[in-house]
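Me: I want to learn how to read a structure feature by feature. Please take me through one, starting with contacts.

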Amino acid sequence: MKNKKIVIFSGAGISAESGIKTFRDADGLWENHKIEDICNQYTWEKNYEQVHKFYNQRRTQLSMVEPNLAHEIVAEIKNKYKDDCIVVTQNVDDMFERAGCKNVIHVHGELTKMECMACGEVYDIGYKEFYMDDKCPKCENTHIKPYIVFFGGQAPKYMDMYNAFEYLQNEDSIAVVIGTLGNVIQINANLELMDCKKILNNLEESPYIDDTQFDKVYYENATSAIQKIQTDIEEFWNKG
Ligand SMILES: [Zn+2]
């Protein structure tokens, strides 16, 4: 049996209140392109300029928003429990980092980083614009991809996520799910067989999540639920 840990798993819902929109909840279009064609492992090179234009806009937008209370409290929890707390997010924004949260596992990549297709180097671009002739800082190649997991692409950080989930077999561990429908990463199936304490916070019920498996359920904004979740974690942790 692995030692007890807190695993906090989040999705778009936690960043929505910061004003970060996903294209999935609108019509899925950007400048008349389907998002699936832009962020697609098989077609992105064909759409190279559009892909970079799209992500340049995402980074500019990211530079104009701020972390909210939910990011800040998660950062507080992480800083208190340190290695006993693992923060996993499907979000590509840097809201947790800007709230002071370290070692976040971004399973779908990070907007503020780029990846060289020639040598594999992942480097920071921050909120800066990518220019088509920008070179990899390591090998000077110009074949550069946003450090984002595209549709149909590999997600190497899933391994880190599954390793984190293994700690949830311990009944004294705590799983916290915030702001995800659970259809991209099937969090319901991942938690079903786990003996840990479970906390769910979404705006509303999701057809992909059976909330009866959770010990605490909050259907409300992440910013209004997060302090109750923090208290729950304290109680579960101290009892465990
Ligand atoms: Zn390179």
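Reply: Start with His-108. Leaving out residues up to four places away in sequence, His-108 touches Thr-89, Gln-90, Val-92, Ile-148, Val-149, Tyr-158, Val-184 and Ile-185. Contact here means heavy atoms within 4.5 Å. Keep in mind that this is a predicted model.

Me: Which UniProt annotation covers His-108?

Reply: The record labels His-108 "active site", in an unreviewed entry. Read such labels with care, because annotations may be inferred rather than shown by experiment.

Me: Where is His-108 found, and is His-108 buried or exposed?

Reply: Take the place before the accessibility. His-108 sits in the loop between β5 (105–106) and β6 (109–116). Buried means under 20% relative accessible area. His-108 has 14%, so it counts as buried.

Me: Next, domains. Into which domains is the chain divided?

Reply: Domain 1 is 6–19 + 67–108 + 154–239, and domain 2 is 21–64 + 109–148. Look at the spacing, then at the contacts. The C-alpha centres of domain 1 and domain 2 are 26 Å apart. Across the boundary, 14 residues of domain 1 contact eleven residues of domain 2.

Me: How do I read a pocket? What volume does the second largest pocket have?

Reply: Read volume, then lining, then chemistry. The second largest pocket has a volume of about 240 Å³. Its lining has 16 residues, and Glu-115, Lys-145, Val-149, Gln-154 and Pro-156 lie nearest the centre. One of these, Val-149, is also among the residues that His-108 touches.

Me: Which elements give two or more residues to the lining of the second largest pocket?

Reply: They are β6 and β8 (144–148). The largest share, three residues, comes from β8. Domain 1 and domain 2 each supply at least three residues to the lining of this pocket.

Me: How do the residues of that lining divide?

Reply: The lining of the second largest pocket has seven nonpolar, six polar and three charged residues.

Me: Now a scattered annotation. Which residues does UniProt list for "binding site"?

Reply: The unreviewed entry lists Cys-116, Cys-119, Cys-136 and Cys-139. They span 24 residues in sequence, yet no two of their C-alpha atoms are more than 8.6 Å apart, so they gather at one spot. Compare sequence span with spatial distance whenever you meet such a list.

Me: Is Cys-136 buried or exposed? And what does Cys-136 touch?

Reply: Cys-136 has a relative accessible area of 2%, so it is buried. It lies in the loop between β7 (122–124) and β8. Beyond four places in sequence, Cys-136 touches Cys-116, Cys-119, Glu-121, Tyr-123, Asn-141 and Ile-144.

Me: What relative accessibility does Cys-119 have?

Reply: Cys-119 is at 34%, which means partly exposed, since that class lies between the 20% and 50% limits. Cys-119 belongs to the loop between β6 and β7. With neighbours within four places set aside, its contacts are Cys-136, Lys-138 and Cys-139.

Me: Last, the backbone. What is phi of Asn-103?

Reply: Check the sign, then the residue type. Phi of Asn-103 is near 55 degrees, a positive value in a residue other than glycine. Asn-103 lies in the loop between α5 (95–98) and β5. Exposed means over 50%. Asn-103, with 62%, is therefore exposed.

Me: What phi does Glu-140 have?

Reply: Glu-140 has a positive phi of about 70 degrees, although it is not a glycine. Glu-140 is in the loop between β7 and β8. At 55% relative accessibility, Glu-140 counts as exposed.

Technical notes. Residues numbered from 1 in each chain as written. Predicted model: local features only at pLDDT ≥ 70, side-chain atom pairs only at ≥ 80, totals over all residues. Heavy atoms only, no water. Helix = DSSP H or I, 4+ residues; strand = E, 2+ residues; numbered from the N terminus. Buried < 20%, exposed > 50% of the residue type's maximum accessible area, 1.4 Å probe, protein only. 1 Å grid on protein atoms, 1.4 Å probe; cavity = no way out; pocket = protein on both sides within 12 Å on 5 of 7 lines; lining within 4 Å. Points joined across faces, edges and corners; volume = space filled by probe spheres on them. Nonpolar A, V, L, I, M, F, W, Y, C, P; charged D, E, K, R; others polar. Domains from an automatic or database assignment.
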